[in-house]
Amino acid sequence: MIYNNHFYVPLLLRLSNDVEENPGPRTISDIIDPMFTVHADNNQGNNSLFGLNAGKQCVAMSLCAIVYKEIKSVNIWDRSILNQILFLGNNLYGVISRSINKNYLLLTDVPEFVEMDNHTFHLQYSDSFSGGLFMNANNHPYVTLEHAINETFLTLNYRSCLLTIGMNTVAIIMPFPGVFKVFDSHSRDLYGMPSIFGHCVLISVEGVENLANFFRDTSSATNQNYTIPFELKGVKLIYETPRSDHENTHSVVINNYSQEPTGPCASSERVNEKEKVNQNFNLDRYEKRDIKLQKDREQKREERQAKKRKNTSARRQLIANVESPQDKQVRLEKERELKKASEQIQCSEKREERLAKKRKNTSARRQLIANVESPQDKQVRLEKERELKKASEQIQCSEKREERLAKKRKNTSARRQLIANVESPQDKQVRLEKERQLKKASEQIQCSEKREERLVKKRKNTSARRQLIANVESPQDKQVRLEKERELKKASEQIQCSEKREERLVKKRKNTSARRQLIANVESPQDKQVRLEKERQLKKASEQIQRSEKREERLEKIRKNTSARRQLIRNVESPQDKQVRLQKGRERKKASEKNQSTEEREERLEIARKRNHLKRLKLQKNTLDEKQARLGKPTERIKTISQSSESNTNSTLGLRIDTNSILELVRNFHSSVSTGPLYVCSCCDQLWYKHSVSPADRLRLTNRDICRYLQNKKSVDNIEWLCHTCNNHLKRGKVPPCAIVNGMKFPQKPDFFDLNELECRLIAPRLAFQKIFQAPRGGQLKITGNVVNVPADVNSTVNMLPRLSDDTGTIKVQLKRRLQYKSSALSLNIRPHKVMQAAAWLIG
């Protein structure tokens with residue numbers, strides 16, 4: 001079975017499914033979806049477009065974005081609208097800066113009335129909220145960023161606001177509850193992060209917490225100072241008609257191009273921008289016309305459908321008066337089939353249209369993203385698309401599984417109805433009993449699966465909660481929290497252990513009582529007396545073992561506490577205190593030695609003698625090593641004697657082995673097995689490591705009669721090797737038990753024995769189910785848990801395979817741990833004729 005070993009390990013590794021995933025910390029890619037980000041062609045720092053105003057207009061451009069969302073919904077903004085807002089904001093900045101004679105604007109410098117493209121708006125501002133960007137709690141008069149956003153949008157019922165973080169100002173617009181649009185005129189990438197070659201962006205964020213985390217992430221990327229101030233002011237707009245009384249108030253009139261753009265392409269850009277503006281502001285008239293046409297179409301459609309329903313009703317009434325019940329039933333059946341077929345056709349057509357539209361939009365969006373994103377952004381986007389595709393495939397698999405289960409339930413119900421009509425009461429009772437057992441087993445499996453899902457969900461929520469707490473708590477709070485969690489975990493483990501112990505004891509008592517009752521009915525008084533005596537002895541032995549275990553635990557705990565106390569004392573005490581402490585220890589030891597009995601004194605002296613003997617052995621070993629290094633002569637025998645003596649002494653005293661010697665043994669083992677079992681024994685034809693073989697030429701020269709036991713097989717370095725076992729037997733003139741001449745030759749593997757994993761399982765007399773894990777240190781495989789060997793009848797398995805006329809035919813076979821399980825451990829296509837040939841060859 002050596003040539004089949006490569007089938008066992010993959011199968012057993014596949015049966016072990018102990019995989020846990022850690023989702024890790026939340027990043028900016030988890031908050032922002034770049035596919036919903038809109039960007040302009042430039043940003044506010046473009047010198048060729050804005051000249052001397054470049055880099056100073058963030059307050060004016062953010063205010064223009066808030067005003068412009070009343071003219072056109074923020075949900076339909078595109079690149080051209082963002083370009084127009086940049087130019088309008090630049091013009092607004094020029095008007096305000098000239099009127100107040102300032103280069104940099106504050107939130108207190110914004111106007112109360114703004115006229116934009118024949119629309120006059122009255123701006124009402126809320127009180128300012130200020131605080132630190134990374135504050136964890138309110139500290140009057142300063143507040144956290146989450147508190148300021150909630151107060152502005154939820155309590156004061158504002159729909160937009162201006163937010164200044166450090167020296168940068170952005171606009172926040174809430175088109176829907178819980179959904180925020182962030183207008184940032186600075187140089188940003190698609191995730192809102194600062195970028196040298198970035199653009200003005202409009203970013204979509206869901207949730208107040210995500211919005212605050214977004215601003216913290218984008219600010220920490222440019223400034224490592226965690227005391228960044230912020231100021232937030234709500235903005236509410238009221239549409240008004242132009243009035244002359246605005247002259248006495250702080251008002252600004254913005255024309256589309258009151259300030260001409262500068263640069264080499266200024267004239268062509270001005271013409272193109274004017275055409276875009278005229279086209280955008282003519283959309284309102286076109287939208288009204290489209291709405292009116294849509295209403296007319298819907299009204300005509302309703303009239304047409306009402307007329308159709310009326311004609312259909314009349315036709316059905318006429319047919320019902322003349323047709324027989326059988327014809328009516330046939331007609332209704334045909335109508336249902338036609339209706340179902342038409343609905344399926346319509347669904348398929350709609351689905352095709354939806355998919356075509358989706359593919360077209362996806363292609364356009366990918367093309368757009370590919371033109372502006374960096375290689376790192378592209379890699380992140382592709383990774384996210386793979387995850388979405390994987391999740392959608394899982395959802396489709398679950399839907400198909402539900403359909404399959406529904407179909408299975410329907411077939412089962414029909415089969416049960418058929419069985420109930422023909423079976424006898426006894427058969428029905430047996431069947432119901434089997435069904436109850438199967439239902440109970442399936443419920444247990446489902447309970448275990450639900451428990452696993454619940455635990456996974458609990459771990460995920462706990463990880464998220466810990467991540468949230470870690471972002472806001474101080475190091476002292478973190479230390480206190482971790483200490484409390486350790487105590488709670490320890491208490492819960494103790495409670496669980498006590499509950500499990502109680503359940504185990506109750507079950508044990510119940511079984512013991514039943515066994516005793518059974519024994520009492522059949523045993524004689526003499527047997528009863530012998531049994532009770534054995535039970536008393538077993539109970540006494542178990543109590544002694546428990547007492548010794550508790551004593552070892554107590555002593556280990558005392559040693560641990562003593563070591564920790566000594567370490568703590570060494571870290572804080574001065575040399576004088578240390579000397580005083582050691583002197584007190586010597587006095588206590590001397591006093592205890594005076595009070596010792598003769599037996600205790602003899603025991604103490606014996607332990608001291610053994611310690612001294614161990615020290616002498618170590619000194620002797622070091623001396624021999626130095627002598628060997630100086631003379632270059634082997635002293636293996638003396639070293640072996642010293643090592644054996646040292647190991648015996650260590651086992652007697654219960655001391656630890658030197659770490660250096662353990663590392664040396666590990667290194668020797670790794671060097672011994674580094675080349676692998678490549679040496680073939682010429683006598684038994686087995687594979688061995690280098691330290692387990694010796695050349696066969698030496699033995700051939702001493703004894704010519706052994707040549708008939710050797711097969712003249714050469715392997716490494718073109719040398720004929722012999723294993724130590726065969727070598728020892730041949731030296732004594734005996735035939736090795738595993739020699740080839742002794743009938744231990746491996747059979748030649750035939751050409752048709754090229755079987756896959758499942759085909760090998762079908763002809764195996766035992767199916768081994770075991771969990772194999774890879775050790776964390778060393779990488780070797782180890783078995784965890786029980787090993788279950790399930791006997792399999794090869795003859796019945798082979799006879800169940802169908803005989804196919806064509807030898808190249810295959811069939812689908814699934815290998816399950818139990819027949820009532822829904823999932824399978826292995827599912828492959830097998831070749832029946834190959835399985836039959838292999839079984840016949842193995843039996844023959």
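Which residue in E6 does serine 160 stand opposite? Keep that one in mind while we walk through this predicted model; we'll get to it at the third stop.

**Stop 1: helix H5**

Select residues 79–100, and you have helix H5 on screen. Put a distance between its end C-alpha atoms and you should get 32 Å, which agrees with the 32 Å expected for 22 residues at 1.5 Å a residue. Now switch on a surface for everything else: 16 of the 22 residues of H5 are buried, so the helix is largely enclosed by the rest of the structure. As you look along it, remember that an α-helix has 3.6 residues a turn, so residues three or four places apart point the same way. Then step just past the end of the helix to asparagine 101, which follows H5 and has a positive phi, near 60 degrees.

**Stop 2: the loop before helix H6**

Next, pick histidine 140 and proline 141 and show the backbone between them. The peptide bond joining the two is cis, with omega about 10 degrees. Proline 141 sits in the loop that runs between strand E4 (129–132) and helix H6 (145–155).

Carry on through H6 and out the other side, into the loop that leads to strand E5 (160–165), and select asparagine 157. Here is a residue other than glycine with a positive phi, near 60 degrees. Asparagine 157 is partly exposed, at a relative accessible area of 46%.

**Stop 3: the E5–E6 hairpin**

Now select 160–176. Strands E5 and E6 form a hairpin, with 2 residues between them. Zoom in on the turn to find glycine 166, whose phi is positive at about 70 degrees. The pairing of E5 with E6 (residues 168–176) is antiparallel and runs over 6 bridges. And the opening question? Serine 160 faces isoleucine 173 across the pair.

Show the side chains of E5 as well. In a regular strand, side chains alternate between the two faces of the sheet. On one side of E5 you'll find Ser160, Leu162 and Thr164, and on the other Cys161, Leu163 and Ile165, all of them buried. With 6 of its 6 residues buried, E5 is largely enclosed by the rest of the structure.

**Stop 4: aspartate 685**

For the last stop, jump to aspartate 685, in the loop between strand E11 (679–680) and strand E12 (687–688). Check its backbone: phi is near 60 degrees, a positive value in a residue other than glycine. Aspartate 685 is partly exposed, with a relative accessible area of 24%.

Note on methods:
Residues numbered from 1 in each chain as written. Predicted model: local features only at pLDDT ≥ 70, side-chain atom pairs only at ≥ 80, totals over all residues. Heavy atoms only, no water. Helix = DSSP H or I, 4+ residues; strand = E, 2+ residues; numbered from the N terminus. Buried < 20%, exposed > 50% of the residue type's maximum accessible area, 1.4 Å probe, protein only. Pairing = 2+ DSSP bridges. Expected span 1.5 Å × (residues − 1).
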